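Subject: Structure handover

Hi,

Here is the structure I promised to pass on. Have a look at it first, and then read my notes below.

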Amino acid sequence: MVCRGVCQKFKAKWGAPQFRYANGQKRCNECELFVTWTGIRCPCCSRILRVRPRISRYRQKYITKSEGF
Ligand SMILES: [Zn+2]
Ligand SMILES: [Zn+2]
């Protein structure tokens, strides 16, 4: 689980922080960068990539539902 530098090939080159996840870019905490990768794990260190596809909205909906209940 060590950075081998392979992630540099998949390094995300552009995008505002708030749009990174929406563009299929994922964050690797091991390599400390965003990669454009479709897999779940980092192509470099095999660590599970961090993805946040609209979870905040999901959570908000859940909370509203809970309060109504
Ligand atoms: Zn790496
Ligand atoms: Zn990595």
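Below is what I found, going from the metal sites to a few side-chain pairs and one strand residue. Keep in mind that this is a predicted model.

**The zinc ions**

Let's start with the zinc ion (ligand 1). Its donors are the SG atoms of C3, C7, C31 and C44, at 2.2 to 2.5 Å. The angles among these four donor atoms run from 104 to 116°, and the site is tetrahedral. If you want to find the donors in the sequence, look for the spacing C-x3-C-x23-C-x12-C. C7 sits in helix 1 (residues 7–10) while C31 is in the loop between strand 1 and strand 2, so this pair ties together parts that are 24 residues apart in sequence. Are C7 and C31 buried or exposed? Both C7 and C31 are buried.

Now for the zinc ion (ligand 2). Here the SG atoms of C28, C31, C42 and C45 do the coordinating, at 2.2 to 2.4 Å. This site is tetrahedral too, with angles of 97 to 123° among the four donor atoms. Along the chain, the donors of the zinc ion (ligand 2) follow C-x2-C-x10-C-x2-C. Two of these donors, C31 and C42, link distant parts of the chain: C31 belongs to the loop between strand 1 (25–28) and strand 2, and C42 to the loop between strand 2 and helix 3 (55–68), eleven residues apart. C42 is buried, as is C31.

You may have spotted a residue that turns up at both sites. Which residue coordinates both zinc ions? That is C31, and the zinc ion (ligand 1) and the zinc ion (ligand 2) are 4.0 Å apart.

**The salt bridge**

How many salt bridges are there? The count comes to one. The partners are R47 and E30, whose side chains meet at 3.2 Å, N to O. R47 is in the loop between strand 2 and helix 3, and E30 is in the loop between strand 1 and strand 2, so the salt bridge ties together parts that are 17 residues apart in sequence. Both partners are partly exposed: R47 has a relative accessible area of 30%, and E30 has one of 31%.

**The aromatic pair**

Searching the whole structure turns up one aromatic pair. F10 and W37 form this pair, with 4.8 Å from centre to centre and 75° between the planes, which makes the arrangement edge-to-face. F10 comes from helix 1 and W37 from the loop between strand 2 and helix 3, so parts that are 27 residues apart in sequence are tied together here. F10 is partly exposed, at a relative accessible area of 25%. W37 is partly exposed as well, at 28%.

**T36**

One last residue to look at is T36, which is in strand 2 (residues 33–36). Which residues does T36 touch, leaving aside those up to four places away in sequence? They are F10, A12, G24 and Q25. F10 is the residue that also forms the aromatic pair with W37. The C-alpha atom of T36 is separated by 6.3 Å from that of K11, although T36 and K11 are 25 residues apart along the chain. Why does T36 count as partly exposed? Because its relative accessibility is 43%, and partly exposed covers the range between buried, under 20%, and exposed, over 50%.

Cheers

Conventions. Residues are numbered from 1 along each chain as its sequence is written. Chains are lettered from A and ligands numbered from 1 in the order in which they are written. This is a predicted model: local features need pLDDT of at least 70, side-chain atom pairs count only at pLDDT 80 or more; totals for chains, interfaces and linings use all residues. Side-chain values use heavy atoms; hydrogens and water are left out. Helices (H or I, at least four residues) and strands (E, at least two) are DSSP runs, numbered from the N terminus. Buried means under 20% relative accessible area, exposed over 50%, partly exposed in between (1.4 Å probe, protein chains only). Contact means heavy atoms within 4.5 Å. Donors are N, O and S atoms within 2.8 Å of the metal (3.2 Å for Na, K and Ca); water is not among the atoms, so sites may look incomplete. Four donors count as tetrahedral if all angles lie between 85 and 135 degrees; four count as square planar and six as octahedral if opposite donors are over 155 degrees apart and all others between 65 and 115; anything else is irregular. A salt bridge is a side-chain nitrogen of Lys or Arg within 4 Å of a carboxyl oxygen of Asp or Glu. Rings of Phe, Tyr and Trp (its six-membered ring) pair if their centres lie within 6.5 Å; planes under 30 degrees apart count as stacked, over 60 as edge-to-face and the rest as tilted.
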